[in-house]
Amino acid sequence: MYTIEHWINGVATPAGSTRTAPVYNPATGQEQARVLLAEASDVDTAVAAAAKAFESWGNSSLSQRTKVMFAFRELLVRHEDELARIISSEHGKVIDDARGEIVRGREVVEYACGIADALKGSFSDQVSRDVDVHNFRQPLGVVAGITPFNFPIMVPLWMHPIAIATGNTFVLKPSERDPSASRLVAELYAEAGLPDGVFNVVNGDKVAVDAILDHPDITAVSFVGSTPIARHVHERATASGKRVQALGGAKNHAVVLPDADLEFAANHLTAAAFGSAGQRCMAISVGVAVGAAGDRLVEILARKANEVKVGPGDDATSDMGPVVTEAARQRVVASVASGAEQGATVVVDGRGLEVAGHEDGFFVGPSLLDHVTAEMDAYREEIFGPVLAVVRADTVDEAIAIINANPYGNGTAIFTASGEAARKFQREVKVGMIGVNVPIPVPMSYYSFGGWKDSLIGDSPIHGPDGVRFYTRAKVVTTRWPHTEAAFNFPVSN
């Protein structure tokens, strides 16, 4: 048993924290560490360190910042296996899935390595006689990130590399369920040459969150999590004058048309629904089977769901690990039960799964529900577990209407061989990120990530060009340099 401390001003420290929370190994169900929970005074200490560091980092050269980012990127590569093991041991996801999130997060670091191009301003010559106009962007100061358990390294990497590369200093509040990856990231930043105080990690619960939202010296807050908490973050932080990125929950649909390759579609729906035990904001949790695709698609999905090997994340033969907590497991079990009670057909039931040698782990198997309707809890609620609900539709227009009526609008996908149907879908569906024969359309780092409707509170997507704009503010300068004659005569007073 060990205690996970904060990282403030370049060192690990307990600061003034006395409260702790357990950190479990989801595969065994056993507590493996304690994490310190920050008080408001600890947030004050971290912000003070970040504010002091900003005095020099905010004026550092682009060359210095990108040099750190290049070194940090190489350290992420070098420590990928270690990071993956840490993530798997605290989150539960399989090692390959953990490696995948490290790679996707590292892509944002690579974007930050080229931040000089993203920060280029513009120049307009002779807008009026002898008058020119140019603009440039400057960092905000101390900014903060509040991140969820499901991607303990990728989601924070969507935030702090761009914030730091643009000249800000950063305070991260990771999930207290799996905080160790952020601690190692802080050490890697220090090894990469990042000055003390530029990147800080404060572990904690709602006390730390509200201290961040209220702190007068924090200029902006980035958040990823559930929609109710995203609303709380947005309302409270904007009330104290902060910029806010607040990404909320999701209920992502994948439409399968009769002309699709159903084996291909089912393969991808299985991975998208059950990968990471369904604990992804971009997971496919609803399959919309159109017309004649329905029965055959469900048949193939059932076969593939039963082929998913569930086991501990550090077992190379496991396709899917446990969910993060016992409460999460119970929530999944209850969702499948409510689906059955409300009229859905339970085609594959993962509720009774036991993993030999890991009977106390937080395991639940893949579940497949058919004939789900929009009124059922299994459709309306964000289960955040390995449950795929199949809804039937007669036409692509009906499928689009089903998606558009849903309050969430994070990601969606369509499987079809028809370019006409795909184009109609991508133009008419009211969702922020769309895949065509791609089940989880998370954009590359040089695009921005963000949904519509209840999946994005406010209007600030994350990373990419929108991330650069979020962490900087523009100045526009209008200049005139009038002609002056040099005077060669000896000055006299009149």
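User: What makes S7 and S23 count as paired strands?

Analyst: Nine bridges join S7 (residues 131-139) to S23 in this predicted model. Pairing takes at least two bridges, so S7 and S23 count as paired, and they run antiparallel. One of the partnerships puts Pro-139 against Thr-472 in S23.

User: Which strands make up the sheet, and in what order?

Analyst: Three strands, ordered S6-S7-S23, form an open sheet with antiparallel pairing.

User: Why are S6 and S23 called edge strands?

Analyst: Strand S6 (123-128) and strand S23 (472-480) each pair on one side only, so they are the edges. As for the angle, neighbouring strands in this sheet are turned by 30° against each other on average, ignoring direction.

User: Over to the helices. Why is H10 called oblique to H11?

Analyst: The axes of H10 (residues 262-274) and H11 (residues 293-307) come within 9 Å and cross at roughly 55°. Roughly parallel needs an angle under 35 degrees, and roughly perpendicular runs from 65 to 115. A crossing of roughly 55° fits neither, so H10 is oblique to H11. The crossing is right-handed.

User: Which residues meet there?

Analyst: From H10, the list includes Leu-262, Ala-266, Leu-269 and Phe-274. On the H11 side, Leu-297, Ile-300, Leu-301 and Arg-303 are among them.

User: How do the residues of that contact divide into nonpolar, polar and charged?

Analyst: There are nine nonpolar, two polar and four charged residues in the contact of H10 with H11. Glu-263 in H10 and Lys-304 in H11 take part, and they count as charged because Glu and Lys belong to that class.

How values were computed: Residues numbered from 1 in each chain as written. Predicted model: local features only at pLDDT ≥ 70, side-chain atom pairs only at ≥ 80, totals over all residues. Heavy atoms only, no water. Axes fitted to C-alpha atoms, helices over the stretch in contact; angles between N-to-C directions. Helix = DSSP H or I, 4+ residues; strand = E, 2+ residues; numbered from the N terminus. Parallel < 35°, antiparallel > 145°, perpendicular 65-115°, else oblique. Left-handed = near helix turned anticlockwise from the far one by under 90°. Contact = heavy atoms within 4.5 Å.
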